[in-house]
Amino acid sequence: MSLPTYHLITYGCQMNKNDSERLGGLFKAMGFVSARVPEQADLVLINTCSVRQSAEDRVYSVVGNLAQIKKERPGMILGVTGCMPGRDRDGAIRKRIPEVDLYFPTAEMGQLPRWIAELRPELVNSPDLIEDYLKIRPDRHATRQAYVSIQTGCNKFCTYCVVPFARGLEKNRPLSDILEEIRDLAVHGCVEVTLLGQTVNSFRAPDAQTFSKGNPYQDHFAGLLWEINQIPQIKRLHFTAPHPLHMSDEVIEAMTLPVHLHYIHLPVQCGDDDVLRRMNRRYTIADYLDVVGRLKAKIPEIAIGTDIIVGFCGESEAAFERTVELYERVRFDISYTARYSVRSGTAAWRAFKDDVTFEEKKRRWEALQAVQERIALENNQRFVGKTVSVLVDRHEPPKITEEMLAMPGDIRKIIESQPGYGYGNSREMKLVRFRGGTEMVGQIVDVAVTRADTWLLEGNYVA
Ligand code: SF4
């Protein structure tokens, strides 16, 4: 008898990707195998993102296409999970996709075996329930790098954000579960761990008594970083996304421990105090600059990334200029800049007018993009002449053009024998390219940087 099959489609952030790894683990435990295309699957599940309306619109369109496949294969189960069901308090989203059989927020994924058994009993042998979805073991494809969720949900309620509605309030995993997962990853070859949480540094261990006796930190997140530093196989550690409010001195101190990367992604969202207050971000620009100052004082080589929203309700030209000034002052290495998009159900949707025009949001986005690219290029010049440590995660073979194919055989052979390029991130999360063979994938190597572009450092492998 053939095994039941599933096809999983994932949208959104790293958190969603990690949730999909958990869903993969759950399907594996139920005896399902992954189908390459939806047409071959008994169950198709979409893990959705609600961060912008465009992300939700894409899901409506994908569901429409899958509904066509379902017409021809009526037994196929179609499911939607993730942020859309999570935030759909009044059922308005559900009404727009009646073709869907399963519709549940992420935290309820442990019920899947029972629901599938109700729809297609022949697909599931033992419909065991798992109450806490964070206990489900993720099915990961990469072996050297792993994302590890340490919390889900958020208590901050920034006025533009759907996450607290979609994922609920902050819930932290037990320290013992997190460390057990990372130790298990380590014995299976993992060398780099990225800790995930909506405000990852607000972590409070529900089992604080399990911290090691010698752990020097009172701050639970700093303590967690210290514990991971004690796992010898883990060579690189970082986290996303911290909230500026929780960047305690202890957390910054713990970031100087040996395995921590020299990078932080620290969302600021805007450079204007009045806009920050209406966003309910709970810090001022002076507070943010204080964190940056403390980070740079302890880790002078640190690269800093951020998130920025342009065109939030009531953002004047002068307020936007203050964001540009902040950018110039901090000299961010990268920014994920979004144009504000109204999300129904949020406080901003209820209380404020979306009064910056589409064209103006686009102009501000483009202006900030230009600043970002200039500063990234300038920042990267500091690496030229230096050696960076790179975890190689992919290899590109030498490019053989038609002209090369027309060359005499011996010249062609020389070209074909070139090793190609290795790619990976430095400890500052800069993409690095160097000449190297496939055998380097998965290794941590030194590269002497000879050239720096906006988004790429190039150099030579140092044996
Ligand atoms: S901190 Fe704010 S932006 Fe981040 S997930 Fe929580 S509510 Fe959303």
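Arg173 counts as buried because 21 C-beta neighbours lie inside 10 Å; a residue is buried if 20 or more other C-beta atoms, placed from the backbone, lie within 10 Å of its own, exposed if 12 or fewer, and partly exposed in between. The model is predicted: local features need pLDDT of at least 70 and side-chain atom pairs count only at pLDDT 80 or more, while totals for chains, interfaces and linings use all residues. Residues are numbered from 1 along each chain as its sequence is written.

Arg173 sits in the loop between strand 8 (171-172) and helix 7 (175-187). Helices (H or I, at least four residues) and strands (E, at least two) are DSSP runs, numbered from the N terminus. When neighbours within four places in sequence are left aside, Arg173 is in contact with Leu134, Ser149, Ile150, Gln151 and Ile178; contact requires that the C-beta atoms of two residues, placed from the backbone, lie within 7 Å. From C-alpha to C-alpha, Arg173 and Thr152 are 8.3 Å apart in space, with their positions 21 residues apart in sequence.

A second loop, between strand 9 (192-196) and helix 8, holds Thr210. Thr210 is partly exposed, as 14 other C-beta atoms lie within 10 Å. Not counting residues up to four places away in sequence, Thr210 touches Leu175 and Ser176. The C-alpha atoms of Thr210 and Ser176 are separated by 6.7 Å, although their positions lie 34 residues apart along the chain.

The chain as a whole comes next. Its secondary structure comes to 16 helices and 18 strands. The protein chain is as compact as a globular protein of its length, because its radius of gyration of 24 Å is close to the 23 Å that the globule rule gives for 463 residues; this radius is taken over C-alpha atoms, and the rule is 2.2 Å times the number of residues to the power 0.38. Buried residues make up 40% of the 463 residues.

The largest nonpolar core has 110 residues, of which Val148, Tyr160, Val193, Leu225, Cys270 and Ile304 touch the most other members. Helix 8 (residues 220-229) gives the most to this core, with 6 residues. Such a core is a set of buried Ala, Val, Leu, Ile, Met, Phe, Trp, Tyr and Cys residues joined through C-beta atoms within 7 Å. Beyond its neighbours within four places in sequence, Leu225 is in contact with Leu237, Ala254, Met255, Leu257 and His260.

The ligand is surrounded by Cys154, Lys156, Phe157, Cys158, Cys161, Val163, Pro164, Gln198, Thr199 and His243, where a residue is near if its C-beta atom, placed from the backbone, lies within 6 Å. This shell divides into 6 nonpolar, 3 polar and 1 charged. Ala, Val, Leu, Ile, Met, Phe, Trp, Tyr, Cys and Pro count as nonpolar, Asp, Glu, Lys and Arg as charged, and the others, Gly among them, as polar.

The protein chain is divided into domain 1 (5-133), domain 2 (134-381) and domain 3 (384-462), with bounds from an automatic or database domain assignment. The centres of domain 2 and domain 3, taken over C-alpha atoms, are separated by 31 Å. Their contact takes 16 residues from domain 2 and 14 residues from domain 3. On the side of domain 2 that touches domain 3, helix 14 (residues 358-380) gives the most, with 4 residues.
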